[in-house]
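Work through the exercises below with the sequence and the structure at hand. Each task is followed by a solution in steps.

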Amino acid sequence: MIKCTDLTKKFNGKTAVDGISFYVPDGQIMALLGPNGAGKTTTVRMLACLISPDSGDAIVAGHSIRREKDVIRAQVGILTESPGLYDRMRVEEYLIFFARLYGIPASEIGTRVRRFLELFDLQDHRHKRIGTFSRGMKQKVALARALLHDPRVIFLDEPTSGLDPESAKIFRDYILFLKEDEKRTVLLCTHNLDEAERLSDWVGIIDHGRLKHFARTQEVMRGHKGPREFRVRCALDGGTPSQAWLEDIVRMVTQVEGVVWVKVEPQDRSLLITFSASQVEATNPRVLGRLLNEGIAVIACEESTRSLEDIYLETVSGATSTMRQPDR
C-alpha cells in the first residue's frame, strides 16, 4: 500500500514536487506519467526513502517515510532510470552480494538468485562481468536486483526500456503475477503509455510537480470527467447515402438535448454515428428514439474508450479533441 499526503520537495528554492496526494491499495499498480522534469523521479525517491520530503508524509507498506525509513528500505524494491550497477562484478556474484545486503537467509540465496537468472534469461551469462553487457542486459540485471528480496512495494522507473519484446513481455507478465498472486503494490513510471494502459489499475499524471489527474485507469479511459463518447451503428439498405441526408442526420442528432457533438461516417452497408453526451442516462435513449422514429435501423450502440495518450496530452499540454461540433 502507498498513501501520499501533501508530499512536497524543493531544491534550491525551486519546487520539484508540490503537495501531491494519492492512495494505491495493496495488490494494485499505479502508473505515474508526466513529461521529463515533471517530478516523477523525485516522488519515487521520496517514497523509497532515498531523499526526505520538505513537508507532507507518505505511508509505504504500512510505515511512515518520515519515521521508519530503514524499515521501508528493507521492504521496497526500486529500479531507477540509471540503476548504478557494479560493472566489474559478475552477474551471479553481484546478485548474491545484494541478497546478503537484503538479509535473505543464506539457505535461500542460491534458490533466489537462480530463479531470477532463469526468469530474465541470464543463466548462461552468470559468470560474465556486467560491464560487458548491452543496455538491455544491464536492465535485466537491475530488475533482478530490485525484485530479489520479494519486496512488498515495488518502484519501477522505465522498467522495459532497452528490453527486447520477448523480455519486456516476460517482465510485464511477472509484474502482473506479483500483483494478482502475491498482492504486491507497484508504482510504475513510464513514457510507454500502452504499457501503462495494459498494466495499471490507477493512473496519475504529474506536471510541474503537481498531480493534475488521478483516477482508476478504466475511469480515465472512459473520460469520466467530461462528456462521454458513444458509437451507434445503423443499417443502410443499399447505395451510397447522399451528403444532404448525412447532414440531416447530423442536424437531427445534434438537436437532441444533451448531445455535445456528432460525426457520421458511411461504411460498408452501415452508417457509424459517433456522438458525445452529457447526462448519458437521459440523452442516449433520446438519440436512439429519434433514429428509430426516422426509420433508421439501429444495429448496436456502445461507449467509446479514449486512449491514454489522448488523456495524457489533454492533461499535460491542454490538447483537445480534433472533432468539430456541428452548427446548431
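The exercises concern one buried-or-exposed assignment and several salt bridges in this predicted model.

**Exercise 1.** Determine whether Tyr 174 is buried or exposed, and find its contacts beyond the neighbours within four places in sequence.

Solution. Start with the location: Tyr 174 belongs to helix H6, residues 165–180. Its relative accessible area is 9%. Buried means under 20%, so Tyr 174 is buried. Next, list the contacts outside the four-place window: Arg 115, Phe 116, Leu 119 and Leu 147. For Leu 119, 55 residues away along the chain, the C-alpha separation from Tyr 174 is 8.9 Å.

**Exercise 2.** Which parts of the chain does the salt bridge between Asp 18 and Arg 210 link?

Solution. The side chains of Asp 18 and Arg 210 meet with an N to O distance of 2.9 Å. Asp 18 is in strand E2 (residues 14–24) and Arg 210 in strand E10 (residues 210–216), so the pair links distant parts of the chain, 192 residues apart. Then classify the partners: Asp 18 is partly exposed at 29%, while Arg 210 is exposed at 52%.

**Exercise 3.** Explain the sequence spacing of the salt bridges Arg 73–Asp 70 and Lys 169–Asp 173.

Solution. Arg 73 and Asp 70 pair at 2.8 Å, N to O. Both lie in helix H2 (residues 69–75), and because they are 3 residues apart, about one helical turn separates them. Lys 169 and Asp 173 pair at 2.7 Å between the closest N and O atoms. These two are 4 residues apart in helix H6, which means about one helical turn again.

Definitions and conventions
Residues are numbered from 1 along each chain as its sequence is written. This is a predicted model: local features need pLDDT of at least 70, side-chain atom pairs count only at pLDDT 80 or more; totals for chains, interfaces and linings use all residues. Side-chain values use heavy atoms; hydrogens and water are left out. Buried means under 20% relative accessible area, exposed over 50%, partly exposed in between (1.4 Å probe, protein chains only). A salt bridge is a side-chain nitrogen of Lys or Arg within 4 Å of a carboxyl oxygen of Asp or Glu.
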